[in-house]
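The following exchange examines how particular descriptions of a model are justified. Each reply sets a value against the criterion that applies to it.

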Amino acid sequence: MKGILGLLRHKSQPGPGEEQLDSTLFTTAFADHGLDASLLVPWEARAVEVGASRLNPGRGTKLLQGLWAKDKYMRQLNDEAIGRMEHFLDFATVQANRDIIRQDEYGNFMVVLLSGSIAIDRVQPWGERLRLAEAAPGEILGEMSLLDSGMRFSSCTTLNDCEIAILSAEAMDEMLSTDPALAASLIALLARKLSLRLRVVSARLSDKK
């Protein structure tokens, strides 16, 4: 664990003789790609666009604890750890037929579905809209772009009224700074789940050829 924490350590924690620097892991990774900052769609902008309303953090945390306790991988974060995550999360309610994430945009946040269902679609190069999956409560969406600041692979649209938790790049950097053990555990679990999801998506796309 010590090696992982050393690798992930927040840049605002300078070593002896080092000048204090801003985080370069998540918050500024988008700029490192040489992209125009106006292309970035943060959660604050998307929340206004979809008319999201605030969800009580206590309710959101309890939902998340219950859902992740049933998840093969995320249950490694116990109730106490998820309780510590509450400080870094935003919680919201979004009405049906709203695009929380859009394909090919740049975003720096991920979403955890707490209630309701969300369609995950990808428009193929020839114009066909392919339904990749329908996310159920407890599932994580958009973590790839949070981790690498790359383009969104698919669109995520609410099929009914949904409650969600949101983790932004800024919050991820803050977690790395103030609770690095929690951040390291979360990032490791996200990487594992992302790898499994990409394998499933790759298999489905191959079947469509």
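Q: Why is Cys156 called buried in this predicted model?
A: The relative accessibility of Cys156 is 4%. Buried means under 20%, so Cys156 with its 4% belongs to that class.

Q: What makes Cys162 count as buried?
A: Cys162 has a relative accessibility of 0%. That value is under the 20% limit, and therefore Cys162 is classed as buried.

Q: How many disulfides does a search of the whole structure find?
A: The search finds zero disulfides. Because the criterion is a pair of cysteine sulfur atoms within 2.5 Å, this result means that no such pair was found.

Q: Why is Thr157 called buried, and in which strand is Thr157 found?
A: Thr157 is found in strand S10. Its relative accessible area is 13%, which is under 20%, so the term buried applies to Thr157.

Q: What makes the approach of the Thr157 side chain to the side chain of Asp99 a polar contact?
A: The distance between the two side chains is 2.6 Å. The cut-off for a pair of N or O atoms is 3.5 Å, so the contact of Thr157 with Asp99 lies within it. Leaving aside residues up to four places away in sequence, Thr157 also touches Asn97, Arg98, Ser117, Ile118, Ala119 and Arg129.

Q: How do you know that strands S7 and S10 pair?
A: Four bridges join strand S7 (residues 118-123) to strand S10 (residues 155-158), in the antiparallel sense. Pairing requires at least two bridges, so four bridges satisfy the criterion. Within this pairing, Ile118 has Thr158 as its bridge partner, and Ala119 stands opposite Thr157.

Q: What makes S7 and S8 a pair?
A: S7 and S8 are joined by six bridges in the antiparallel sense; at least two are needed, and the two strands therefore count as paired. On this side, Ala119 stands opposite Glu134. The two strands form a hairpin with five residues between them, and Gly127 in the turn has a positive phi of about 100 degrees.

Q: Why is S7 described as mostly covered?
A: Five of the six residues of S7 are buried. Each of those five has a relative accessible area under 20%, because that is what buried means.

Q: What makes S4 and strand S8 (129-135) the edge strands?
A: The sheet is open, with four strands in the order S4-S10-S7-S8 and antiparallel pairing. S4 and S8 each pair on one side only, and are the edge strands. With direction ignored, neighbouring strands of this sheet are turned by 30 degrees against each other on average.

Q: Why is Asn97 called exposed, whereas Asp104 counts as partly exposed?
A: Asn97 has a relative accessible area of 61%, which is over 50%, so Asn97 is exposed. Asp104 has 42%, a value between the limits of 20% and 50%, and therefore counts as partly exposed. Asn97 is placed in the loop between strand S3 (90-94) and strand S4 (99-101), and Asp104 in the loop between S4 and strand S5 (106-107).

Q: What is the phi of Asn97, and what is the phi of Asp104?
A: Phi is near 60 degrees at Asn97 and about 75 degrees at Asp104. Most residues other than glycine have a negative phi. Asn97 has a positive value without being a glycine, as does Asp104.

Q: Why does Trp43 count as buried?
A: Trp43 has a relative accessibility of 7%; this is under 20%, so Trp43 is buried. Trp43 lies in helix H3 (residues 43-50). Among the residues that Trp43 touches are Ala52, Asp90, Val94, Phe109 and Ile166.

Q: How does the reach of helix H4 (residues 57-68) stand against the expected value?
A: H4 has twelve residues and reaches 16 Å from its first C-alpha to its last, close to the 16 Å expected at 1.5 Å a residue. The buried residues of H4 are Gly60, Thr61, Leu64, Gln65, Leu67 and Trp68. Their cover includes helix H5 (79-85), S3, strand S6 (109-115) and strand S9 (140-141).

Terms used:
Residues numbered from 1 in each chain as written. Predicted model: local features only at pLDDT ≥ 70, side-chain atom pairs only at ≥ 80, totals over all residues. Heavy atoms only, no water. Buried < 20%, exposed > 50% of the residue type's maximum accessible area, 1.4 Å probe, protein only. Axes fitted to C-alpha atoms, helices over the stretch in contact; angles between N-to-C directions. Contact = heavy atoms within 4.5 Å. Expected span 1.5 Å × (residues − 1). Polar contact = N/O pair within 3.5 Å; in protein donor to acceptor, adjacent residues only side chain to side chain.
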